[in-house]
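Here are my notes for you on this model. Keep the structure open beside you and take the points one at a time.

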Amino acid sequence: MKTSPITSLLLLAIWPTTVVVQAFASSSSHKTLLSPPKSFLQKHHHQQLNELHTTTTTTTSLNLFGASTATKSVASAVTNLIPRGGAASAIAEKVSSLASTPNGSFNLALGVLAACTAVLKISNKANADKDEEKVVKDPKVKSLQMRFLMVFWLLRMADWLQGPYFYQVYASKTFGAATGNAMTWVSRLFLTGFASTALFGPLVGRLCDTYGRKAGTLVFSLLYSLGAMSTKSNVLGVLLAGRVMGGIGTSLLFSAPEAWLVGDAARNGLEGSLGETFGLAYAGDSIVAILAGQMAGLAAGTRGPSGPFELSVGFLILGGLLAAFTWKENVAGNVVSGDEEAGKDGDDDAGSKPTIRDAVKVVKEDPKIMLVGSIQSLFEAAMYIFVLNWPPAVSKAVSAYFAKFATDSSAAIATPYGTVFSCFMACCLLGSTLFGQMTSSTKVDKNGKSKAVSTENFAAGMLGLATLAMGCATLSISTSTPRILSALTSLPVLSTILSPLTALAGTVSSLFLTPGLL
């Protein structure tokens with residue numbers, strides 16, 4: 001049976017994963033790792049790999065940390081699953097079959113991303129366990145974390161569910177006499193939500209501080225539910241009102257629950273647990289986002305593009321009920337520290353609340369705040385451009401590439417937006433995991449000198465990688481970019497500078513000419 005080069009690479013990618021699993025599970029300091037099946041290597045890379053693998057029992061020794069005998073037995077069982085002989089052909093055929101469909105291809109990509117992240121997570125945990133002693137957690141901290149995290153994850157699930165099919169649910173609407181293409185109206189509705197957030201955000205935050213963070217969380221559940229249900233309508237006014245409510249809800253989601261946590265922790269003297277709690281919240285949020293993509297795909301398959309929005313209402317109701325019955329209300333200023341208590345006599349400003357003017361003053365006094373805010377704003381601006389444009393771009397690429405596998409040329413090729421979204425979220429989790437590993441303070445050499453990457457250098461590298469990724473994607477789908485560069489290179493002054501860029505643009509365009517490569 002003949003297999004494609006992509007299939008060969010996928011099968012080769014499976015082998016190192018099992019090797020890593022075995023390496024982590026071995027209990028001695030010198031490990032014996034399996035080689036890929038010789039039959040597979042000879043079939044696909046005979047000349048190159050015969051120099052490295054002379055028999056199917058070739059071994060490699062590595063110095064790795066130990067594990068228990070039980071995990072070693074598990075690793076032994078895993079390595080027995082490595083394909084040999086006919087099994088390799090069967091797996092190659094299965095992978096080829098999956099790669100011939102959009103859903104199968106993106107599920108394979110999601111599996112590879114999940115495996116890479118799992119290996120890094122295991123590595124991080126094993127290194128941390130060496131240096132950290134187990135501490136019994138305070139029951140009050142456990143109770144606070146349980147009450148907050150359950151509500152937070154349910155509300156975040158509702159928010160993430162609306163992401164994968166945002167473009168499709170509005171692009172499917174017809175507005176009678178309204179003019180403009182789908183992208184025009186989706187963009188306007190998209191901007192309406194964010195304009196609402198910008199306009200009402202400061203007011204919403206002040207109201208939450210005044211009337212309660214629990215109340216703000218409940219109002220979020222109500223407004224976001226109404227916004228989600230508005231997607232069932234074809235009336236433009238209803239959709240715009242829904243986006244306004246969704247924008248106000250977004251302001252509440254990113255302020256009320258977390259402010260409640262900080263207030264409740266301060267009231268109970270648990271401020272020291274906030275770092276751990278927020279870490280758990282956003283680590284779990286990545287998993288929630290990946291699951292939301294898969295659930296959104298299932299809901300859209302049964303209920304259409306508005307299905308994920310309908311499903312999100314259920315999570316909003318459940319999160320609101322848990323907050324209503326498990327949270328105690330707190331407002332700004334109802335927790336007074338010892339220093340404030342001692343100095344409040346005769347001080348009329350002791351109970352005053354900070355204003356936007358105070359915030360502007362703080363920013364002016366520390367330029368670093370403005371720099372960090374500017375970097376984040378510019379990055380998120382690029383991200384939201386991507387968020388708005390990736391569904392139609394991916395849909396066009398998927399339709400063009402997978403048309404050759406379709407049995408019915410007249411049938412439309414469905415794009416698994418939910419699975420694609422899960423892949424994006426898995427990449428986010430992988431990136432945060434890499435950040436934690438590369439910037440960890442426990443990375444030291446034998447002399448005790450830190451080997452960790454500074455946060456500033458990591459951020460610079462991340463922004464460079466993001467720029468490269470966005471640039472390659474743009475060049476691969478744009479028909480005007482090469483022409484623009486060619487016109488610029490015709491100018492005498494710019495010719496020497498931009499000629500290499502023109503060559504690069506042509507190379508990238510040719511590499512990504514096939515949407516499948518993109």
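1. **Confidence.** The chain has an average pLDDT of 75 (pLDDT is the predictor's confidence in each residue, from 0 to 100), and 67% of the residues score at least 70. This is a predicted model, in which local features need pLDDT of at least 70 and side-chain atom pairs count only at pLDDT 80 or more, while totals for chains, interfaces and linings use all residues. Residues are numbered from 1 along each chain as its sequence is written, and side-chain values use heavy atoms, with hydrogens and water left out.

2. **Where to be careful.** Over residues 1-75 the pLDDT stays under 50, and the model has 104 contacts (heavy atoms within 4.5 Å) beyond four places in sequence for this stretch. Residues 336-351 also have a pLDDT below 50, with three contacts in the model beyond near neighbours in sequence. Where pLDDT is low, the predicted coordinates should not be read in detail.

3. **H9 and H10.** Now find helix H9 (residues 213-229) and helix H10 (residues 236-253); helices are DSSP runs of H or I, at least four residues, numbered from the N terminus. Their axes, lines fitted to C-alpha atoms over the stretch in contact, come within 8 Å and cross at roughly 150 degrees, on a scale from 0 to 180 degrees between N-to-C directions. H9 is therefore roughly antiparallel to H10 (angles over 145 degrees).

4. **What fills that contact?** Among the residues that make it are Gly216, Val219 and Phe220 of H9 and Gly242, Met245 and Gly246 of H10. The residues of this contact divide into nine nonpolar, six polar and no charged; Ala, Val, Leu, Ile, Met, Phe, Trp, Tyr, Cys and Pro count as nonpolar, Asp, Glu, Lys and Arg as charged, and the others, Gly among them, as polar.

5. **H6 and H9.** Helix H6 (residues 139-161) packs with H9 at an angle of about 25 degrees, the axes being 12 Å apart. H6 and H9 are therefore roughly parallel (angles under 35 degrees). Val151, Leu155 and Asp159 in H6 meet Thr217, Phe220, Ser221 and Tyr224 in H9. By type, the contact of H6 with H9 has four nonpolar residues, two polar and one charged.

6. **Aromatic rings.** The structure holds 16 aromatic pairs (rings of Phe, Tyr and Trp, its six-membered ring, with centres within 6.5 Å). For Phe166 and Tyr170 the centres are 5.1 Å apart and the planes at 65 degrees, so this pair is edge-to-face (planes over 60 degrees apart). Both residues lie in helix H7 (residues 166-171), four residues apart, about one turn of the helix.

Conventions: Helix = DSSP H or I, 4+ residues; strand = E, 2+ residues; numbered from the N terminus. Parallel < 35°, antiparallel > 145°, perpendicular 65-115°, else oblique. Phe/Tyr/Trp six-rings, centres within 6.5 Å; stacked < 30°, edge-to-face > 60°.
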